[in-house]
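Open the model in your viewer and keep the selection panel at hand. We will go from stop to stop, with a selection to make at each one and a word on what is there.

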Amino acid sequence: MKKICILDYGLGNIKSLYNSLNKIGYKPTFASESKKKNYDIIFIPGVGSFSNGSKLIKKKYLNFLNHSFNKGISLFGICLGMQLLLSEGEENGLNKGLNFVDGKVVKLTNKNKIKLPIVGWGKVNFKKKKEYSFLSKYQNEKFYFIHSYVASLKDKKNELSKSSYNGISYTSAIIKKNCVGTQFHPEKSGEVGLEFLKDWIKRL
Amino acid sequence: MLKEYIFMMRIIARIDIKNNYVIKGINLEGLRKVGDPIEIATKYYTEGIDEIIFIDAVASLYKRNNLYHIVDESVKNIFVPLTIGGGIRSLKDIEKALKSGADKVAINSYATERPLFLKEAVNNFGSSSIISHIETKEISSKKWEVYKYSGREKTGIDVEDWIKKVQDYGCGEILLTPIDYEGTQKGFDLDILNKIYNNVYIPLIISGGCGSIKHIIGLNKKFSDISVALASSLHYKKIDIKDIRKKIK
């Protein structure tokens, strides 16, 4: 049985993530209630602002995450959790992120007069990468998004997928070594989302 | 053009609840029992609904929401976004809702009494968790007033002023219920949408009036980024969820 940890730093629907992992056969533990460090994967959920999230997560888990990242433990950020993996974010002033992936979190430009936040179900165009070829089966599936900010990567090779909304194309998943992040919510994307999580954990 | 895209219209099931039963009325009155909320929500999930909204229809009257246990149970088997509304009157209520597994809360009555509550809610929980629920009636030609307590009481607030305010306060979405259309299955209230559309820059969900798939197609043609909350049309099987997805691209 893979050992899964969910980071509880006070933001995000950790219950849904717990339930979805439970549904696919895992028994995740919450980092706040366990000091064990031999996890196979650590999920970083999150809903809210980058400014608030980066403060909370660094206060509680900076050492734990740095240690895990350096040890090669898989880190999986969802939504704000993905954004926190990056170097910095510009929501409510400039704030430093965890800096595991080079890039910045920026507000979607609204010159097309689109409604923000983006809320809805969208396709995710995964880049063809040898190591992640299993993702090709999700090419025509829809995932749930809710966000106003997006990742702007320094190095395009860290881009795992693109999505677009009303003509605006942006990075919807990132990857670097043992770090992965999705702007969409697999735990809220129905049966497809569950399958996606299952596939991701299975190959660890 | 890019091939990848995000659908702008969401098909949402709205499930109004009173004393642990799904109920449905017409113009928010004459409530009839429809069934068990968890069973019904799970059925819609299986059929492919985009989101679910649970509203405690009598909560504001008693000044408390009584749905947390239903959300808590639902989210064990439902993996799409879930909103809880009705009787949300404090930051503690919101925290309780989110902890029970809801992704968002819909706030109506209390916000009309103390508008700044919306701002506090957004500051504490983020825009994406806070939906402004607006119930409204046309009081004179092309003039709408905001109502509270499930359409039982007037607030004296003009709907256009209110829509501006809830957006200024940072709400992530608006759920709009024109009471005169609610439960009637005669179609969506396009008059109010025409009136307000250009001044809404956050996602908008229209609730009330849908009686057939034609109503959804018509709405989507005119306002492609407006989402719909369906109740009667799903409860009484006037519409098939899979059918909607085939017809709305």
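Two residues are taken to be in contact if their C-beta atoms, placed from the backbone, lie within 7 Å. With that in hand, and bearing in mind that this is a predicted model, let us begin in chain B.

**Stop 1: a helix with many partners**

Select residues 159-168 of chain B, which form helix α7. Which of its residues are buried? They are V159(B), W162(B), I163(B) and V166(B). Look down the axis of α7(B): these buried residues fall within an arc of 100°, so they line one face of the helix. A general point helps here: an α-helix has 3.6 residues a turn, so residues three or four places apart point the same way.

Now show what the buried residues of α7(B) pack against. In chain B, the partners are the helices α6 and α8 (190-196), together with the strands β7 (130-140), β8 (143-148), β9 (153-158) and β10 (173-178). Turn to the face directed away from the buried side, and you will find the exposed residues D161(B) and D168(B). Before you leave, click on G170(B), just after α7(B): its phi is positive, at about 95°.

**Stop 2: two helices that cross**

Stay in chain B and select helix α4 (residues 91-99) along with helix α6 (residues 116-125). Two packed helices are described by the angle between their axes and the distance between the axes. For this pair the angle is about 45° and the axes are 10 Å apart. α4(B) and α6(B) are therefore oblique to each other, and their crossing is right-handed.

Show side chains where the two helices meet. From α4(B) come L91(B), I94(B) and L98(B), while α6(B) brings E120(B), A121(B), N124(B) and F125(B). By type, the residues of this contact comprise 5 nonpolar, 1 polar and 1 charged.

**Stop 3: another two-sided helix**

Next, select residues 213-222 of chain B, helix α9. Here H215(B), I216(B) and L219(B) are buried. They cover an arc of only 95° around the axis, which puts them on the same side of α9(B). Add β12 (226-230) and α11 (241-247) of chain B to the view, since the buried residues of α9(B) pack against them. Rotate to the other side of α9(B), where K214(B), I217(B) and K221(B) are exposed.

**Stop 4: where the chains touch**

Zoom out and colour by chain. How many residues of chain B are in contact with chain A? There are 27, and they meet 31 residues of chain A. On the chain B side, 14 of the touching residues are nonpolar, 6 are polar and 7 are charged.

**Stop 5: a covered helix in chain A**

Cross over to chain A and select helix α1, residues 14-23. This helix is mostly covered, with 7 of its 10 residues buried: I14(A), K15(A), S16(A), L17(A), Y18(A), S20(A) and L21(A). The elements that cover them include β1 (4-6), β3 (41-44) and α4 (190-202) of chain A. Just after α1(A), G25(A) has a positive phi of about 100°.

**Stop 6: a cysteine in a loop**

Select C79(A), in the loop between β4 (74-78) and α3 (80-83) of chain A. Is this residue buried or exposed? With 29 C-beta neighbours inside 10 Å, C79(A) counts as buried; the cut-off for that is 20 or more. Draw a distance from its C-alpha atom to that of T182(A): the two are 6.0 Å apart, though 103 residues separate them along the chain. Setting aside neighbours within four places in sequence, the contacts of C79(A) are G46(A), V47(A), H147(A), Q183(A) and H185(A).

**Stop 7: backbone details**

Most residues other than glycine have a negative phi, and most peptide bonds are trans. Three places depart from this.

- Select P117(A), in the loop between β7 (101-107) and β8 (118-123) of chain A. The peptide bond from L116(A) to P117(A) is cis, with omega near 0°.
- Select N92(A), in the loop between β5 (86-89) and β6 (95-96) of chain A. Its phi is positive, near 55°, and N92(A) is exposed, with 10 other C-beta atoms within 10 Å.
- Select N27(B), in the loop between β2 (21-26) and β3 (29-35) of chain B. Phi is positive here too, near 55°, and N27(B) is partly exposed, with 15 other C-beta atoms within 10 Å.

Conventions:
Residues numbered from 1 in each chain as written. Chains lettered and ligands numbered in written order. Predicted model: local features only at pLDDT ≥ 70, side-chain atom pairs only at ≥ 80, totals over all residues. Axes fitted to C-alpha atoms, helices over the stretch in contact; angles between N-to-C directions. Helix = DSSP H or I, 4+ residues; strand = E, 2+ residues; numbered from the N terminus. Parallel < 35°, antiparallel > 145°, perpendicular 65-115°, else oblique. Left-handed = near helix turned anticlockwise from the far one by under 90°. Nonpolar A, V, L, I, M, F, W, Y, C, P; charged D, E, K, R; others polar. Buried ≥ 20, exposed ≤ 12 C-beta atoms within 10 Å, placed from the backbone. Arc of directions from axis to C-beta.
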